Every structure is written in structure tokens, then in C-alpha cells.
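Here are my notes for a colleague opening this structure for the first time. Please read them with the model on screen.

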Amino acid sequence: MSSSSPTQLASLRDMGIYEPFQQIVSWRNVFKSDINDHSPNTASSSVIQVDHNIIKASYPSSSHNQIEAEPSSNDHQEEDDDGRNHDKMKRRLAQNREAARKSRLRKKAYVQQLEESRFKLSQLEQELEKAKQQGVYSSGSSYVGSSGSINTRIAAFELEYSHWLEEQSRRVSEIRTALQAHISDIELKMLVESCLNHYANLFRMKSDAAKADVFYLISGMWRTSTERFFQWIGGFRPSGLLNVVMPYLQPLTDQQILEVRNLQQSSQQAEDALSQGIDKLQQSLAENIVIDVVMGAAVENLQALEGFVNQADHLRQQTLQQMAKILTTRQAARGLLCLGEYLHRLRALSSLWAARPREHA
Amino acid sequence: MQYKPETRSSLSFNKVNNMGVFPLDTLVRVESMASENAVVIFSVSTCCMCHAVSGLFRGMGVSPGVHELDLHPYGVEINRALLRLLGCSSGTSTSPGGLPVVFIGGKMVGSMERVMASHINGSLVPLLKDAGALCL
């Protein structure tokens with residue numbers, strides 16, 4: 001470092017040490033152009049201060065612009081050499097300090113950049129979540145399945161399901177208007193039948209999707225967040241269905257009351273049985289993952305999952321149909337209207353929740 | 001379900017089966033097993049749907065007789081015979097191999113799907129009462 005290499009001189013020039021007597025002003029300018037606005041002023045001024053002193057000490061009387069004198073053979077110069085070495089060391093220290101300071105400032109700037117990016121990222125993630133919930137993704141969806149590849153069958157299901165929802169809305173409105181308009185029982189029965197068929201279509205769609213990716217179905221990713229909150233084996237609870245609808249079916253005959261009570265009990269028992277089966281499946285899977293190296297048994301467990309999803313949907317369908325059997329046409333229509341409105345409001349709640357104003361921390 | 005390797009006797013039954021004729025002693029065996037209890041479930045010990053169906057009956061206060069076919073010396077033949085009786089290929093929506101299969105009062109009711117459907121439509125309880133599995 002003691003040789004006057006070009007790089008050495010260059011760096012010195014950059015730092016303004018090269019022309020010492022023009023100095024304090026140009027030094028300050030150099031530092032200002034280098035620094036971010038965030039650096040504390042005290043630090044830089046103190047550095048300048050110190051360096052100013054060094055300069056004065058380094059260039060006592062020389063008007064020469066050369067910084068480094070070459071080592072002279074003059075004996076006389078020994079003292080000067082010592083002094084110069086001392087100066088060099090001081091200069092080196094100053095350079096080091098300056099380099100360290102710059103490095104710290106650069107690091108500070110970098111960290112700040114990182115934190116801004118992180119914040120932006122979390123904002124984007126929130127927006128994405130919101131958009132998903134509002135169904136922005138339902139058309140032309142790019143579903144990435146558990147295999148990591150875009151599963152066209154599942155993407156098709158998402159599209160079909162969004163159409164199903166629109167159609168469902170339409171049918172519920174139809175029933176509402178029909179009930180208000182006092183149409184004939186026969187026509188009302190047709191509407192009830194078509195509404196039940198519409199649910200049957202959903203279960204058929206789900207059965208196809210389960211063959212493609214049962215985990216997708218069971219995760220409830222295709223539903224809104226509030227629906228997911230109530231989810232049981234890939235859909236709504238049949239017993240929950242009945243509880244929603246019951247209050248709106250009055251008046252019921254004694255026979256009907258008995259039958260409805262039986263239906264509530266039997267659907268609850270069937271639900272419990274399937275839940276037990278799923279619990280056993282989880283337990284068995286957990287054990288098999290540990291003990292079976294090749295995981296053949298674990299794969300068998302997962303294959304059984306599709307069966308459970310199908311049986312759960314089957315139970316939902318049976319419950320709906322039995323309910324329609326117990327009730328009169330008008331009661332069934334009211335029940336379906338009520339159910340449709342409930343599910344619609346549940347979904348709407350999800351959007352409301354996602355869009356609520358939130359304070360950024 | 002783990003299938004045991006075919007024995008010589010079952011191979012000859014295979015030929016008969018392919019011609020659509022039931023091996024008599026297997027049928028008899030199935031019938032007698034199915035009559036041991038008011039409710040009989042043909043099951044596989046590792047099958048969770050089988051666990052679910054027996055849980056359903058126990059939840060109703062009924063204790064079913066369960067035959068784990070994977071642990072039974074003639075389990076393979078019995079399973080095949082049951083599938084034939086069910087009248088479908090093993091590709092039901094329940095589980096591969098067609099099990100569980102439920103008998104009530106010695107008569108076949110069917111798979112989990114059939115059992116649940118009959119419970120929902122109210123026909124299961126009378127069946128159980130007739131078979132003496134449920135009191136009142």
C-alpha cells in the first residue's frame with residue numbers, strides 16, 4: 001500500500017485527498033454526493049473534521065500535488081520517511097474508515113430496499129387472496145394441482161362450478177318468484193325437481209373431480225373461506241343443512257315432525273360413521289408412513305379417501321331427497337329457497353370479510 | 001386387500017366361476033356366516049370404510065358380527081362370491097374390492113352406500129327391528 005500505484009492515487013483522488021488545499025469544500029461535496037440522505041450528519045462532519053486534520057498534518061508545506069513521494073536514498077530523508085510512513089498509515093486509516101462508512105451506508109440502503117420489497121410482496125399476496133375469493137380466478141383459471149402441474153380436469157371443474165353457481169342463483173330466484181306468484185303445485189313441483197337435479201349435477205361434477213385430484217376437493221379451495229369454515233369431508237354437513245331449513249318449514253304435521261326428527265338423527269349418525277372412518281384413515285396413514293418404507297400401504301390409504309368424499313356427497317344428496325319426500329311441494333320449495341339463500345349469504349359474507357377496510361400495521 | 005396366492009382347488013373353481021356358476025360350498029359358507037348374527041359385516045381389517053359401517057351400527061346400539069376376510073382362510077373366495085352377489089364389478093364408489101358388504105337377518109343389504117341410503121330413507125331401522133338387532 002505504500003507504493004504509489006495508479007489505483008492508490010485514483011482512490012485518493014476520488015476521496016479528494018489528492019488536492020488537499022482545495023479541500024474542505026470539495027471534501028464536503030464529495031461526501032454529500034456519496035451519501036444517502038439517511039446518514040447522520042454528525043458522523044460525516046466528524047469524519048471530515050478528522051480527515052481535515054490529517055490533511056493538514058500530511059501536507060505541511062508542500063505545494064506539490066503528488067501525494068506519495070518515492071522512497072529516496074537520502075539519509076536526510078529518514079526522519080521524513082518516518083514522518084511519511086506515519087502519514088501513510090494515517091491516510092490508510094482514513095481510507096479504511098471511509099470505505100467502512102460507505103460500506104455501512106450501502107448495506108443500510110440494501111436492507112431498506114429488501115424491507116420495502118417484503119412489504120410489497122405481502123400486499124400483493126393479500127390482493128391475490130382477495131381476488132381469489134371474489135372469484136376472479138374462476139374463469140380461465142390456472143389451477144396448479146398437488147402434482148405441481150396444471151390439472152386441466154380441475155381447471156375444467158372450477159369453470160363448471162362457477163357456471164353452476166350462476167345457475168343456482170337463477171333457480172333460487174325462480175323459486176322465490178314462483179312462491180310469491182302462487183303458481184300451481186304441479187309447476188312448483190317441477191321447479192323443486194329441477195333444483196334437486198341441479199344439486200345432483202354438482203355431486204356428479206365433484207365425483208369426477210375427486211378422481212382427478214381428491215385433495216383439491218377436500219381442501220375446499222374451490223369454495224369461499226366462510227364455506228370452508230363449515231366444511232365437512234369436502235362439502236356442507238347434511239345435518240347442518242336440516243338445521244338451517246327447519247324453522248322455515250312450519251307448520252308441520254305430527255307425522256312430518258316425526259319423520260324430520262328421524263331424518264335429523266339418521267343423517268347425524270351417518271355423518272358420525274363417516275367421520276369415524278376418516279379418523280381411522282388418518283390414524284392408519286400416519287402409522288403407515290412410519291412403518292412402510294415403500295409407502296404402498298399409505299398410498300392405499302389415500303386411494304380410500306376418494307371413497308369417503310363420494311359417500312359424503314351421496315349422503316348430502318340422500319338427505320336433500322328425503323327432505324323433499326317428507327315435505328309437501330310448497331314446503332319443499334320453501335326449504336330449497338331458504339337453503340339457497342343461506343348458502344348465497346354465506347358466500348357473500350366471505351367477500352364482505354375480504355373487502356373490509358384494514359389498517360396497515 | 002391382500003390377496004392370498006391361489007390354491008389348486010380355487011383354480012378349478014375359477015374355471016367354474018368364469019362360466020358364471022357359483023362354487024356351491026363358498027355360497028353355503030357365505031350363507032352360514034351371514035346368519036351367525038342379526039347384523040353381519042364382511043370386512044377387511046385395514047379398510048376404513050368397513051370401520052365406518054360397523055361404527056354406524058354400533059352408534060345405533062347394534063353390535064354387528066364382523067368377518068375380516070383378509071384374515072380368513074377362505075377370504076378370497078368369499079370376497080369373489082360377494083362381489084358376484086352384489087352384481088357389480090369391484091369398481092363401486094365405496095372401496096376397491098367391493099367391501100364392506102352388510103347382511104341383516106341373513107339377507108344381503110349391500111355396500112356402505114346402500115346401508116346409508118336405507119338409513120336416510122327410514123328403511124334400515126325396521127329391518128333391524130325385524131332381525132331382532134334393535135329392541136323397540
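1. Start with A:Glu271. In this predicted model, A:Glu271 has 0% relative accessibility and counts as buried. Its salt-bridge partner is A:Arg237, with the closest N and O atoms 2.8 Å apart. The pair links distant parts of the chain, 34 residues apart. A:Arg237 sits in the loop between α8 (225–229) and α9 (238–245) of chain A, while A:Glu271 belongs to helix α10. Is A:Arg237 buried or partly exposed? A:Arg237 is partly exposed, because its relative accessible area is 34%, and the buried class ends at 20%.

2. Helix α5 (residues 152–181) of chain A holds another salt bridge, between A:Arg171 and A:Glu167. Here the closest N and O atoms are 3.2 Å apart. The two residues are 4 apart in sequence, about one turn of the helix. A:Arg171 counts as buried at 17% relative accessibility. A:Glu167 counts as partly exposed at 24%.

3. A:Arg170 and A:Glu174 also pair in a salt bridge, at 3.9 Å from N to O. Both lie in helix α5 of chain A, again 4 residues apart, about one turn. Both are partly exposed: A:Arg170 has a relative accessible area of 46%, and A:Glu174 has 33%.

4. How are A:Glu167, A:Arg170, A:Arg171 and A:Glu174 linked? They belong to a network of salt bridges. Over all chains, the structure holds 12 salt bridges. Side chains of opposite charge can pair when their charged atoms come close.

5. Now the chain as a whole. Chain A has 12 helices and 0 strands. Of its 361 residues, 39% count as buried. Among contacts in chain A between residues at least 6 apart in sequence, 74% join residues at least 24 apart. The accessible surface of chain A comes to about 21,500 Å². Carbon and sulfur atoms account for 54% of that surface.

6. Next, the contact between the chains. In chain A, 21 residues are in contact with 18 residues of chain B. The two chains bury about 1,900 Å² between them, 64% of it on carbon and sulfur atoms. On the chain A side, A:Gln269, A:Lys280 and A:Gln311 lose the most area to chain B, together 28% of what that side buries. Two or more residues of that side come from each of α10 (254–291) and α11 (296–326). The largest share, 11 residues, comes from α10.

7. How many salt bridges lie between chain A and chain B? The count is 0. The count of residue pairs in polar contact between these chains is 2.

8. Look at the largest nonpolar core, which has 92 residues. Residues of both chains are among those with the most contacts inside it, including A:Tyr199, A:Leu274, B:Phe42 and B:Phe57. Helix α6 (residues 185–212) of chain A gives the most to this core, with 11 residues. A:Leu274 touches A:Trp232 and A:Phe308, among others in chain A. A:Leu274 also touches B:Met49, B:Ala52, B:Met112 and B:Met116.

9. Finally, a stop in chain B. B:Ser43 lies in strand β1 (residues 39–43). It is buried, with a relative accessible area of 3%. B:Ser43 and B:Leu99 are 56 residues apart in sequence, yet 5.9 Å apart in space, C-alpha to C-alpha. Contacts of B:Ser43 include B:Cys50, B:His67, B:Asp70 and B:Leu99.

Terms used: Residues are numbered from 1 along each chain as its sequence is written. Chains are lettered from A and ligands numbered from 1 in the order in which they are written. This is a predicted model: local features need pLDDT of at least 70, side-chain atom pairs count only at pLDDT 80 or more; totals for chains, interfaces and linings use all residues. Side-chain values use heavy atoms; hydrogens and water are left out. Buried means under 20% relative accessible area, exposed over 50%, partly exposed in between (1.4 Å probe, protein chains only). Contact means heavy atoms within 4.5 Å. Accessible areas come from the Shrake-Rupley method with a 1.4 Å probe; for residues, only the protein chains shown count as cover. A nonpolar core is a set of buried Ala, Val, Leu, Ile, Met, Phe, Trp, Tyr and Cys residues joined through side-chain atoms within 4.5 Å. Buried area is the accessible area (1.4 Å probe) that two parts lose on being put together, summed over both. A salt bridge is a side-chain nitrogen of Lys or Arg within 4 Å of a carboxyl oxygen of Asp or Glu. A polar contact is a pair of N or O atoms within 3.5 Å; within protein, one must be able to donate a hydrogen and the other to accept it, and residues adjacent in sequence count only if both atoms are side-chain atoms. Lists of a residue's contacts leave out its neighbours within four places in sequence.
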